[in-house]
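Open the model in a viewer and keep the selection panel at hand. The tour goes from one chain to the other, one selection at a time.

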Amino acid sequence: MKMSGSQAIVEALKREGVKTIFGIPGGAIMPVYDVLYDEKEIRHILMRHEQCAAHAADAYARVTGGPGVCMATSGPGATNLVTGIATAYMDSSPVIAITGQVPTSLIGKDAFQETDIIGITTPITKYNYQVRSVRDIPRIVKEAFYIATAGRPGPVLIDLPKDMQTGVDDIDFDVDVEIRGYRPNLDPHPLQVKRAVDLLVEAERPIILAGGGIHWSNAYGELLRLAELLMAPVVTTFMGKGVIPENHPLCLGCIGMHGRVEANKSIMMADVVLAVGVRFSDRSTGKVDEFCTEAKIIHIDIDPSEIRKNVSVHLPIVADAKRALNAIIDELTRRGLKREKSEWLKRVETLKKEYADTEPKGELTGANAVKVLRKVLPENAIVATEVGQNQMWASLHFKVLKPRTFISSGGLGTMGFGFPASLGAKAARPDVPVVDIAGDGSFLMTEQDLATSVTEDLPVIVMVLNNSSLGMVAQWQRLFFGRRYSHTDLKGIPDFARLAEAFGARGVRVHSLNELEQVLKEAVRADVTVVIDVPIPREENVLPFVPPGKSLREMII
Amino acid sequence: MAEHILAALVEHKPGVLYRVSNMFRRRNFNIESITVGVSEVKDLARMTITVRGDELTVEQVIKQLQKLVDVIKVSRLNPDRSVVRELALIKIHTSDSKAKGDVVNYANIFRGRIVDVSRDSMIVEITGSPDKIDAFVELMRSYGIKELARTGVVAMSRGLKSLKVEE
């Protein structure tokens, strides 16, 4: 079929099932945008900053479990994507980023808006492509989607020089993808599965540590079945939040620096840790030399390089989480194991009771606001967070009840992520309420996309926990730097309610927990974006807290 | 820390060396040397990489290499059962005939070859294990080395064991 590169890329995207693109046009990507002008099957959402386009695509991917696509022009458009791509890379999210590039004849000449986006994104993508022949476009797009989604997901970038967009050639979409350098191992080794079951059967104090890999492998049911079969408590990493309903009796919540007390205490007492789809990040393990030193660790991950990268494990299983868990369940069933409630589980339940969340009442605080939000929202509502105290209060006190309803930048910790992520989530799931749990510092980093929210009909709720500070940094200054609040005072600027109104959204400032609850209830029903400014005390700390470099045993409670 | 030799078959296309060297830099691995050239398969290049590190590090290096989409296969060579070679060109200051004679003698002992002679310098081409080249270079220092170029290591397992892409 004779067509231009621009037509080919749009057609190839459609063949991959792309329904939504988040992007901003610019000089070097205009031919593709010209094709999008007539496009009926793909919804293009015009963002107001490329970083937001990448975050929105990332959230779209996390909510749907499939790829999310963003698009930008060359040079500054492409570099603005970088923070979003790095965020997706750290959290293993299948983002496809498409960038314009100067014509091939100008590459290397420092042409206007030229940047080496291949060089820049090599360490933060699973792979990247620069199109050098129009005919290659169908193959490259197919490969890009395969690499982004197969095995451990991650972002892939396609750089499109302008002459590759305008060039016309005979395009064949019927291409086979054969990537000899990327063949993830999906099936667990049977012997390793037997050994894992041996360990689990003999364990007196087993625990399951579940991570983000459960999301990407869609192994929710298997995780739950295995936990119930073993009667083993389940803790999660921050990225694993929501892989098991957090109101399930066996779920103890997140471990880590701001993990729940019962979760941190329990994992440190376990004798066998079944870790699935986790990478043992420093924020999860605390001082790594003292992490579960008494326990035997079984580590299931699809990425072989995660095995023994951070923590030495007794039994590695390189496989897809769903298949590995199924194999373990089968072997356990074959051996006829069905555990009763053990002494261990009773101990864990006692801990859980001891540290259970209290009802929100009294002062308007960050922690209370998050608890009220949970009370108001339906189970299927999606929550995105910014980064910092707001995020950790959400982690501690917002119980996630359904898969893929909690979206947060865990690995990179990108301030400004939450709001554009909420827009991406809303684009993917217009049928459910979407809330950004924000801080005043974070929200101000990407707040310009209120314009997107209003003009693209993506109504979300932004709950700004406003302590007029870069709160998490201020907390560290309070605890470790002798209250020397170096450059963390944001001086109460701006007036978020009026800012929202300026964008055509609704803005409200609340003064009490009751008022917050009322406003949230109305906001959930509203068909416009609502920004709720929630003033909270400056000195409120996120607790518990494992100080940096300390073991999970050394929590400040 | 011990030195390890890795051989890798990689896609023979632009940018692959960048991806490999970039990964080493970003993961904080130390490359002693890296060489790239064609392999027995048309569209595959072969890299020989010498790294320093403990057992865990070299295990991570291999896994991180394998993780790169353009890297098809990686194998760790056992130094005792491999042929390990490097080539060096050394331009030596030889102002008098005694120096010239010495260099020729030493080159013969090391099975090197004189590949260029001028009024006051000679170039020796020498091939062998890196240790052997080190020893020769050390000997030449007293005469004065004007220029030194080494290729870095290439290596191959002896006998039947070979680095191949499974079909």
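Two residues are in contact if their C-beta atoms, placed from the backbone, lie within 7 Å. This is a predicted model, in which local features need pLDDT of at least 70 and side-chain atom pairs count only at pLDDT 80 or more, while totals for chains, interfaces and linings use all residues. Residues are numbered from 1 along each chain as its sequence is written, and chains are lettered from A and ligands numbered from 1 in the order in which they are written.

**Chain B, whole**

Select chain B. Its C-alpha atoms fill a box of roughly 55 × 30 × 30 Å along the principal axes. The secondary structure comes to four helices and nine strands; helices (H or I, at least four residues) and strands (E, at least two) are DSSP runs, numbered from the N terminus. Coloured from the N terminus on, the elements of chain B read β-α-β-β-α-β-β-α-β-β-α-β-β. Of the 167 residues in chain B, 26% are buried. A residue is buried if 20 or more other C-beta atoms lie within 10 Å of its own, exposed if 12 or fewer, and partly exposed in between, with C-beta atoms placed from the backbone. Among the contacts in chain B with a separation of 6 or more, 72% join residues 24 or more positions apart.

**The two domains of chain B**

Colour residues 3-77 of chain B as domain 1 and residues 83-154 as domain 2. These bounds come from an automatic or database domain assignment. The C-alpha centres of the two domains of chain B lie 29 Å apart. At their contact, six residues of domain 1 of chain B meet five residues of domain 2 of chain B. On the domain 1 side, β2 and β3 of chain B are the elements that give two or more residues, and β2(B) gives the most, with three residues. By class, that side has two nonpolar, four polar and no charged residues. Here Ala, Val, Leu, Ile, Met, Phe, Trp, Tyr, Cys and Pro count as nonpolar, Asp, Glu, Lys and Arg as charged, and the others, Gly among them, as polar.

**Strands of domain 1 of chain B**

Show residues 44-52 of chain B, strand β3, together with β1 (residues 3-11): the two pair in the antiparallel sense over nine bridges. Two strands pair if DSSP finds at least two bridges between them. Label B:Leu9, which stands opposite B:Arg46 in β3(B). Now add β2 (residues 30-38) of chain B, which pairs with β3(B) in the antiparallel sense over eight bridges. B:Ser33 stands opposite B:Thr50 in β3(B). β2(B) and β3(B) form a hairpin, with five residues between them.

**Where chain B touches chain A**

Bring chain A back into view. How many residues does each chain give to the contact? Chain B gives 16 residues and chain A gives 12 residues. On the chain B side, α1 (16-26), α2 (55-67) and β4 (71-77) each supply at least two residues. The largest share, six residues, comes from α2(B). The chain B side divides into six nonpolar, three polar and seven charged residues.

**The domains of chain A**

Colour chain A by domain: domain 1 (2-170), domain 2 (190-354) and domain 3 (366-535). The centres of domain 1 and domain 2 of chain A, taken over C-alpha atoms, are separated by 37 Å. Six residues from domain 1 of chain A and six residues from domain 2 of chain A make their contact. The domain 1 side of that contact has one nonpolar, three polar and two charged residues.

**A parallel sheet in chain A**

Select the open sheet of six strands, with the order β16-β15-β17-β18-β20-β19 (chain A) and parallel pairing. β16 (406-407) and β19 of chain A stand at the edges with a single partner strand each, so one side of each is left without a neighbour in the sheet. Between β15 (residues 382-385) of chain A and β16(A) the pairing is parallel, over two bridges. A:Val383 stands opposite A:Phe406 in β16(A).

**Helix α22 of chain A**

Finish at residues 513-525 of chain A. Helix α22(A) has 13 residues and reaches 19 Å from its first C-alpha to its last, close to the 18 Å expected at 1.5 Å a residue; the expected span is 1.5 Å times one less than the number of residues. Which residues of α22(A) are buried? They are A:Leu516, A:Val519, A:Leu520 and A:Ala523. Seen down the helix axis, the buried residues of α22(A) fall within an arc of 105°, so they line one face of the helix; the arc is that of the directions from the helix axis to the C-beta atoms. The face turned away from the buried side of α22(A) carries the exposed residues A:Asn514 and A:Arg525. To see what covers the buried residues of α22(A), add elements of chain A including α15 (366-376), β18 (461-466), β19 (506-509) and β20 (530-535).
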